[in-house]
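Colleague: I would like to learn how to read a few features of a protein model. Please take them one at a time, with the general idea before the case.

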Amino acid sequence: MNGSSSIACRLCKGISSRFACWRERNYFRCATCELIQLDRNQCPSAAAERAEYELHENDPYDRGYRAFLSPVTDRVSEW
């Protein structure tokens, strides 16, 4: 992995350390909130991110969409 071995977490500002390198992208995990984030320098541009988002159909009545989100929504509901 190239670059820094730690960065500030974009969510809680804690210390995020190198976690993994996958497909030539560097990921960091926060020691405080456990957020896994991509190195900011490797994130897609706003236009590329929007183009990818536009490919999805985010219908709250779709079972597949709800199943996709359930790991997050279930955890938040428990919290």
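Modeller: Start with accessibility: a residue is called buried under 20% relative accessible area, exposed over 50%, and partly exposed in between. Keep in mind that this is a predicted model.

Colleague: Is Glu-34 buried or exposed by that rule?

Modeller: Glu-34 has a relative accessibility of 58%, so it counts as exposed. Its place is in the loop between E3 and strand E4 (36–38). The backbone there deserves a look too: Glu-34 is not a glycine, yet its phi is positive, about 70°.

Colleague: Which residue in the loop between E1 and E2 should I compare with that?

Modeller: Take Lys-13, which lies in that loop. Lys-13 is not a glycine either, and has a positive phi of about 70°. With a relative accessible area of 63%, Lys-13 is exposed because the value is over 50%.

Colleague: Now the strands. How many bridges join E1 to E2?

Modeller: Two strands pair if at least two bridges are found between them. Strand E1 (residues 6–8) and strand E2 (residues 15–22) run antiparallel and are joined by 3 bridges. One of the contacts to look up is Ser-6, whose bridge partner in E2 is Ser-17. The two strands form a hairpin with 6 residues between them, and Lys-13 sits in the turn.

Colleague: What comes after E2, and how many residues lie between the strands of that hairpin?

Modeller: E2 and E3 form a hairpin with 2 residues between them. In its turn, Arg-23 has a positive phi of about 50°. Strand E3 covers residues 25–30 and pairs with E2 in the antiparallel sense over 6 bridges. Trp-22 has Arg-25 in E3 as its bridge partner, and Cys-21 stands opposite Asn-26 in E3.

Colleague: In what order do the strands form the sheet?

Modeller: The order is E1-E2-E3-E4, an open sheet of 4 strands with antiparallel pairing. E1 and E4 stand at the edges with a single partner strand each, so one side of each has no neighbour in the sheet. On average, neighbouring strands of this sheet are turned by 40° against each other, direction ignored.

Colleague: Next, the cysteines. How many disulfides does the rule count?

Modeller: A disulfide is a covalent bond between the sulfur atoms of two cysteines. The cut-off used here is a pair of sulfur atoms within 2.5 Å. By this rule the count is 0 disulfides. Cys-30 is in none; the nearest cysteine sulfur, that of Cys-12, is 3.5 Å away. Cys-33 is in none either, and the nearest cysteine sulfur to it belongs to Cys-9, 3.7 Å away.

Colleague: Why is Cys-30 called buried, and what is Cys-33 called?

Modeller: Cys-30 has a relative accessible area of 2%, so it is buried. Cys-33 has 31% relative accessibility and therefore counts as partly exposed.

Colleague: Last, charged side chains. Which residues meet in a salt bridge?

Modeller: Side chains of opposite charge can pair when their charged atoms come close. The rule asks for a side-chain nitrogen of Lys or Arg within 4 Å of a carboxyl oxygen of Asp or Glu. By this rule the count is 1 salt bridge. Here the side chains of Glu-54 and Arg-50 meet, at 2.8 Å from N to O. Both residues lie in helix H1 (residues 46–54), 4 residues apart, which is about one turn of the helix.

Notes
Residues numbered from 1 in each chain as written. Predicted model: local features only at pLDDT ≥ 70, side-chain atom pairs only at ≥ 80, totals over all residues. Heavy atoms only, no water. Buried < 20%, exposed > 50% of the residue type's maximum accessible area, 1.4 Å probe, protein only. Axes fitted to C-alpha atoms, helices over the stretch in contact; angles between N-to-C directions.
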